[in-house]
Amino acid sequence: MTLSVVPHPNKPTQYYLLSPAADFFFIQQHPHASTLQVQPLIYPFEDAESIIQTLSFIAPSLHHKLQTKALHNLSKRHQLAKLYM
């Protein structure tokens with residue numbers, strides 16, 4: 001999993017997330033989340049606005065079919081898990 005980020009201007013060990021990562025925060029709650037491999041894509045702070053525009057509009061449209069199925073699959077799995085708890 002990759003997360004697009006820019007470095008915090010005053011705190012070098014912190015980053016700003018450039019796009020929503022609901023799947024990351026959802027998966028992070030799983031007991032085996034410590035095995036999740038995350039790769040940050042670190043962009044220069046000055047390019048943040050153009051990167052946000054790209055990630056917000058262009059990338060989701062290119063991956064619409066794939067992303068819809070994955071999110072739908074996660075939703076159905078969550079609903080089924082709730083039924084059996």
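## Briefing on a predicted model

His8 sits in the loop that runs between strand β1 (2-7) and strand β2 (15-17). The model described here is predicted, and its protein contains 3 helices and 3 strands, which follow one another along the sequence in the pattern β-β-α-β-α-α. The points below begin with the protein as a whole, then turn to two residues and to one pocket.

**The protein as a whole**

- Of the 85 residues in the protein, 13% are buried.
- The protein exposes about 7200 Å² of surface, and carbon and sulfur atoms supply 60% of that area.
- When contacts are taken between residues at least 6 apart in sequence, 53% of them join residues that are at least 24 apart.

**His8, in the loop between β1 and β2**

- His8 counts as buried because its relative accessible area is 16%, and the limit for that term is under 20%.
- The side chain of His8 reaches the backbone nitrogen of Asn10 at a distance of 3.0 Å.
- The side chain of His8 is also joined to the side chain of Tyr16 by a polar contact of 3.3 Å.
- Once neighbours within four places in sequence are left aside, the residues in contact with His8 are Gln14, Tyr15 and Tyr16, so that Tyr16 appears both in this list and in the polar contact of the side chains.

**Ser4, in strand β1**

- Ser4 belongs to strand β1, and with a relative accessible area of 8% Ser4 is buried, because that value falls under the 20% limit.
- Not counting residues up to four places away in sequence, Ser4 touches Tyr16, Leu17, Leu18 and Ser19, and in addition Leu41, Tyr43 and Leu55.
- Tyr16 is thus one of the residues touched by Ser4, and Tyr16 is also in contact with His8.

**The second largest pocket**

- The second largest pocket holds about 270 Å³ of space, and of the 10 residues that line this pocket, Phe26, His30, Leu74, Arg77 and His78 are the closest to its centre.
- Helices α1 (22-27) and α3 (64-83) each supply at least two residues of the lining of the second largest pocket, while the largest share of that lining, 5 residues, comes from α3.
- By residue type, the lining of the second largest pocket divides into 5 nonpolar, 3 polar and 2 charged residues.

Notes:
Residues are numbered from 1 along each chain as its sequence is written. This is a predicted model: local features need pLDDT of at least 70, side-chain atom pairs count only at pLDDT 80 or more; totals for chains, interfaces and linings use all residues. Side-chain values use heavy atoms; hydrogens and water are left out. Helices (H or I, at least four residues) and strands (E, at least two) are DSSP runs, numbered from the N terminus. Buried means under 20% relative accessible area, exposed over 50%, partly exposed in between (1.4 Å probe, protein chains only). A polar contact is a pair of N or O atoms within 3.5 Å; within protein, one must be able to donate a hydrogen and the other to accept it, and residues adjacent in sequence count only if both atoms are side-chain atoms. Contact means heavy atoms within 4.5 Å. Accessible areas come from the Shrake-Rupley method with a 1.4 Å probe; for residues, only the protein chains shown count as cover. On a 1 Å grid over the protein atoms alone, a cavity is a set of points where a 1.4 Å probe fits but cannot get out, and a pocket is an open set with protein on both sides within 12 Å along at least five of seven lines; lining residues have an atom within 4 Å of a point. Grid points are joined across faces, edges and corners, and a volume is the space filled by probe spheres set on the points. Ala, Val, Leu, Ile, Met, Phe, Trp, Tyr, Cys and Pro count as nonpolar, Asp, Glu, Lys and Arg as charged, and the others, Gly among them, as polar.
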